[in-house]
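Please take a moment with the sequence and the three-dimensional view before reading on. The paragraphs below go from the outer surface to the interior and then to single residues.

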Amino acid sequence: ELKEGKDVGELTEEKLAYLQEERAMIDRAISLKDAMENAYSAEEITWEEYSAYLKTYTYAVSHDYPLVRAETEASYLLSLEEKTGIKGWFFYSDGWERLYTGEADLFLYMSLLILLAGTFAAEHFSVGTDGAVIQILRTMKKGRSHTFGAKIISSLLIAFVLSLGFNLIDCVTVFHRFDMPATSAPLASMPIFENVSSSLTVGGYLAVFLLLRIAAALIMAMLVCALSELLCRYIPILGTVVLLTLLPAVCVYFGIAAAQKINFLNLFAGTPIILHSAEYAWLGSEWTMLAIWISLVGITTTLLLSAARRRFVK
């Protein structure tokens, strides 16, 4: 019934009573299996009675695990209201969890890295007897600054379109495969967001989720562009970007938990960085760590981009 959306809404006494009645019926049906088999073998009950019991038993076995999940969710919602005062909703959340807990999109990561690594590096290679393109640009009155700006804008546009496209594909796939109810339910109704005690709804979080992922793609695009000018060669560019963005993830993989705080892939995935921020709750807010993290990454990228511009233009 949860999957079909019939019981979507706040946890009520009626829902709790229904769960208790369902649990009593299921436990009783399963516990009577041996007794009913013996009774039928001893011809103490008719085939019609035994057949009716088998239908009840089949229902009980098939609904036991879903009921356990529903009971676990009910227990969580009761605990949530007791601790935070948030009245969470009872609903089928598998689709939302699949969407929001997806890992960083490495296809998008590699696309940005490969497409943008040569943004400025290509101009430093020789092109026949005239030398590198960068030398020709330096002789032009507005060629350097205008070219730099155009390349940055085009790189941002590429990153935005790719990120939007990849994320829309994820959303369409999940929405097609799963029932996605309760868009107006409090986000904390889902156990993974227990520490996110804000007024965000399940559907409202989708905007935050997508904006964060797109912002991460834009930041990475600017990082790649900056290093493309500063390092000038493809191998150093690729190696440095991978080192800066993937090394913390490798450290986490090998059990170094502290690296989780600086794992760029958490920002690229969206939800992990929010969950870590909510878990630590710096300065009493679940958003403080996220704001500091994005600020530091943004400032670092801006400084590298500024250095790249000075080198390119002057």
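**From surface to core**

The protein exposes about 17100 Å², of which carbon and sulfur atoms supply 62%; accessible areas here come from the Shrake-Rupley method with a 1.4 Å probe, and for residues only the protein chains shown count as cover. This is a predicted model, in which local features need pLDDT of at least 70 and side-chain atom pairs count only at pLDDT 80 or more, while totals for chains, interfaces and linings use all residues. Residues are numbered from 1 along each chain as its sequence is written, and side-chain values use heavy atoms, with hydrogens and water left out.

The secondary structure comes to twelve helices and two strands, where helices (H or I, at least four residues) and strands (E, at least two) are DSSP runs numbered from the N terminus. Read along the sequence, these elements follow the pattern β-α-α-α-β-α-α-α-α-α-α-α-α-α. The radius of gyration of the protein is 28 Å, well over the 20 Å that the globule rule gives for 314 residues, so the protein is more spread out than a compact globule; the radius is taken over C-alpha atoms, and the rule is 2.2 Å times the number of residues to the power 0.38. Along its principal axes, the C-alpha trace spans about 105 × 45 × 35 Å.

The charges can be described in a similar way: the mean positions of the 24 positive and 32 negative charges of the protein are 23 Å apart. In this count Lys and Arg are positive and Asp and Glu negative, with His and the chain ends not counted, and the place of a charge is taken as NZ of Lys, CZ of Arg, CG of Asp or CD of Glu.

Turning inward, 41% of the 314 residues count as buried, a term that means under 20% relative accessible area, with exposed meaning over 50% and partly exposed in between (1.4 Å probe, protein chains only). Of the contacts in the protein with a separation of 6 or more, 72% come from residues 24 or more positions apart, contact meaning heavy atoms within 4.5 Å.

In soluble globular proteins, nonpolar side chains tend to be buried together. The largest nonpolar core here has 63 residues, among which Leu99, Tyr100, Met220 and Phe268 touch the most other members; such a core is a set of buried Ala, Val, Leu, Ile, Met, Phe, Trp, Tyr and Cys residues joined through side-chain atoms within 4.5 Å. The elements giving two or more residues to this core include helix 4 (94-100), helix 5 (106-116), helix 7 (143-177), helix 8 (204-231) and helix 9 (234-253). Helix 8 gives the most, with 16 residues. A second, separate core of 15 residues includes Ala60, Ala70, Ala74 and Ala188.

Leu99 shows how parts of the chain meet in the larger core: leaving aside neighbours within four places in sequence, Leu99 is in contact with Asp170, Cys171, Val174, Phe175, Met180, Leu206 and Phe209. One of these partners, Cys171, is found in helix 7 and is buried, with a relative accessible area of 10%. The C-alpha atoms of Cys171 and Leu99 are separated by 6.9 Å, although the two are 72 residues apart along the chain. Not counting residues up to four places away in sequence, Cys171 touches Leu99, Leu206 and Leu210. Ser163 also lies in helix 7 and is buried, with a relative accessible area of 0%; leaving aside neighbours within four places in sequence, Ser163 is in contact with Leu108, Arg213, Ile214 and Ala217.

The loops offer further points of interest. Thr101, in the loop between helix 4 and helix 5, counts as partly exposed at 43% relative accessibility, and the C-alpha atoms of Thr101 and Pro272 are separated by 7.6 Å while lying 171 residues apart along the chain. Cys232, in the loop between helix 8 and helix 9, has a positive phi of about 70° although it is not a glycine, and counts as buried at 8% relative accessibility. Glu43, in the loop between helix 2 (33-41) and helix 3 (47-84), has a phi near 60°, a positive value in a residue other than glycine, but counts as exposed at 71% relative accessibility.
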